[in-house]
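Trainee: I'm new to this one and would love a close look at a single part of it. Could you walk me through the sheet and what sits around it?

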Amino acid sequence: MQVVMTEAAEVFITAVTLQALSNRPVYTSQWDTREPNNMAHINLTRQRPPADAVRRLPPEGGEKARGGPSLSQEADAVLVAPASADFMAKLVQGRADDLLSLMCLARPIERCPLLIAPAMNREMWAHPATQRNAAQLRADGTTLLGPDAGDQACGEIGDGRMLEPETLAEELIAFFQPKRLAGKRVLITAGPTFEAIDPVRGITNRSSGKMGFALARAAREAGAQVTLVAGPVALPTPRGVMRTDVQSAQQMQDAVLPVAGAHDVFIATAAVADWRPAAPHEHKIKKDGSGRPPAIEMVENPDILAAVARLPKPPYCVGFAAESHDLLVHAQAKRLRKGVPLIAGNLGPATFGQDDNTLLLVDAQGHRELPTASKLQLARELVREIAERLKTFK
Ligand code: C5P
């Protein structure tokens with residue numbers, strides 16, 4: 001990462017701080033004498049010749065002799081964060097009176113995308129001039145990240161907050177993911193369900209929801225419009241994902257079935273309780289002094305995945321199989337029983353709550369292991385596998 005600061009940025013934070021954080025010298029001026037050719041605005045976004053190529057250049061002519069690039073890295077993108085209203089206006093007009101704006105203008109536009117994270121007062125953001133500038137920047141191929149809504153430095157509340165830095169990092173990563181599911185709608189269930197026994201007790205399981213949430217993020221990164229139906233979990237909603245929270249299997253089914261047909265893909269990662277108390281007690285069940293626990297009659301929950309797969313025109317359905325042994329055999333059987341084209345098997349007890357997982361993909365053609373990796377990595381691979389299969393699914 002190469003940091004470039006404007007004069008205004010240096011009023012807020014020093015270049016030394018960002019140098020320490022980025023572990024590289026920070027550039028603040030187009031007149032930086034460290035650049036042999038005095039062209040930091042060109043050099044910062046250009047392809048660097050490999051070190052030995054520079055050495056092999058003839059003494060006269062060629063890049064080295066012209067005082068060509070001396071910086072070691074080529075920029076894959078320029079991210080301006082925070083981007084003020086003034087800087088946006090500058091970009092729109094193609095003005096270039098400092099290093100950052102010069103660099104944005106001089107970058108190879110086809111190869112080096114520009115992303116900006118607007119940050120300003122809500123009135124400034126809402127002003128027709130800024131909105132006009134935002135639209136023009138989009139039309140020019142700039143990607144706007146945010147702004148967010150919330151508390152502002154001025155004490156007001158509204159649109160114009162810069163996205164949180166971690167979110168910006170996630171958005172930058174998402175920007176570079178191949179858009180394999182562009183234009184597709186993906187519906188995902190995640191987490192456990194909670195089946196009430198009485199107002200204070202219930203039956204649930206140890207599913208954390210991490211795999212489903214990672215899949216929601218990965219599908220959205222791949223360009224899909226994602227709906228996530230989540231049981232009770234303590235996870236933040238991945239950016240750009242539409243989330244509905246539910247408690248019980250019945251509620252999950254009610255949230256999924258009416259909309260499933262409007263989706264291209266359904267991924268059932270939720271660990272849905274197989275049974276629920278037939279009639280939850282209205283009041284907390286009390287000990288009756290007999291020493292005998294209450295008998296709780298159970299009934300079977302609807303199988304959401306099988307119900308979606310049975311729709312007249314079902315989406316491409318992907319089920320998960322959490323098993324404790326004989327994964328392949330159980331996953332194959334489950335695939336047929338549920339009538340779905342693809343099952344991702346995993347060893348339930350080993351993966352519940354963990355950040356890593358191993359998946360065994362089972363479809364009509366055979367099976368393939370996705371080796372142990374983070375759930376996000378596996379989710380991206382699974383998205384790739386699903387996108388491939390979608391090409392031939394009608
Ligand atoms: O039958 P089993 O619970 O092992 O099946 C697991 C797969 O089926 C998972 O994809 C899970 O989300 C889905 N499922 C469901 N509704 C149920 C039970 C499981 O959608 N009631």
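**A close look at the sheet**

Mentor: Let's start with one pair: I188 stands opposite I267 in β11. Before going on, note that this is a predicted model, where local features need pLDDT of at least 70 and side-chain atom pairs count only at pLDDT 80 or more, while totals for chains, interfaces and linings use all residues. Residues are numbered from 1 along each chain as its sequence is written, and side-chain values use heavy atoms, with hydrogens and water left out.

Strands β6 (residues 185-190) and β11 (residues 265-268) run parallel, joined by four bridges. Helices (H or I, at least four residues) and strands (E, at least two) are DSSP runs, numbered from the N terminus, and two strands pair if DSSP finds at least two bridges between them. Step back and you'll see an open sheet of eight strands, ordered β10-β9-β6-β11-β14-β15-β16-β17, with mixed pairing. At its edges are β10 (242-245) and β17 (366-374), each pairing on one side only. On average, neighbouring strands here are turned by 20° against each other, direction ignored. Axes are lines fitted to C-alpha atoms, for helices over the stretch in contact, and angles run from 0 to 180 degrees between N-to-C directions.

Now for the helices. α11 packs on the sheet, touching β6, β9 (225-230), β10, β11, β14 (316-323) and β16 (356-363), and its direction makes about 170° with that of β9. Helix α12 (residues 249-260) packs there too, touching β6, β9, β10 and β11, at about 165° to the direction of β6. Contact means heavy atoms within 4.5 Å.

Look for E221 in helix α11 (residues 210-221). E221 counts as buried because its relative accessibility is 3%; buried means under 20% relative accessible area, exposed over 50%, partly exposed in between (1.4 Å probe, protein chains only). Leaving aside neighbours within four places in sequence, E221 is in contact with I173, A174, Q177, P178, K179 and R380.

I267 turns up again in the largest nonpolar core: of its 37 residues, L181, L215, I267 and L359 touch the most other members. Helix α16 (residues 375-390) gives the most to this core, with eight residues. Such a core is a set of buried Ala, Val, Leu, Ile, Met, Phe, Trp, Tyr and Cys residues joined through side-chain atoms within 4.5 Å.

Finally, find V233 in the loop between β9 and β10. V233 and G209 are 24 residues apart in sequence and 6.3 Å apart in space, C-alpha to C-alpha.
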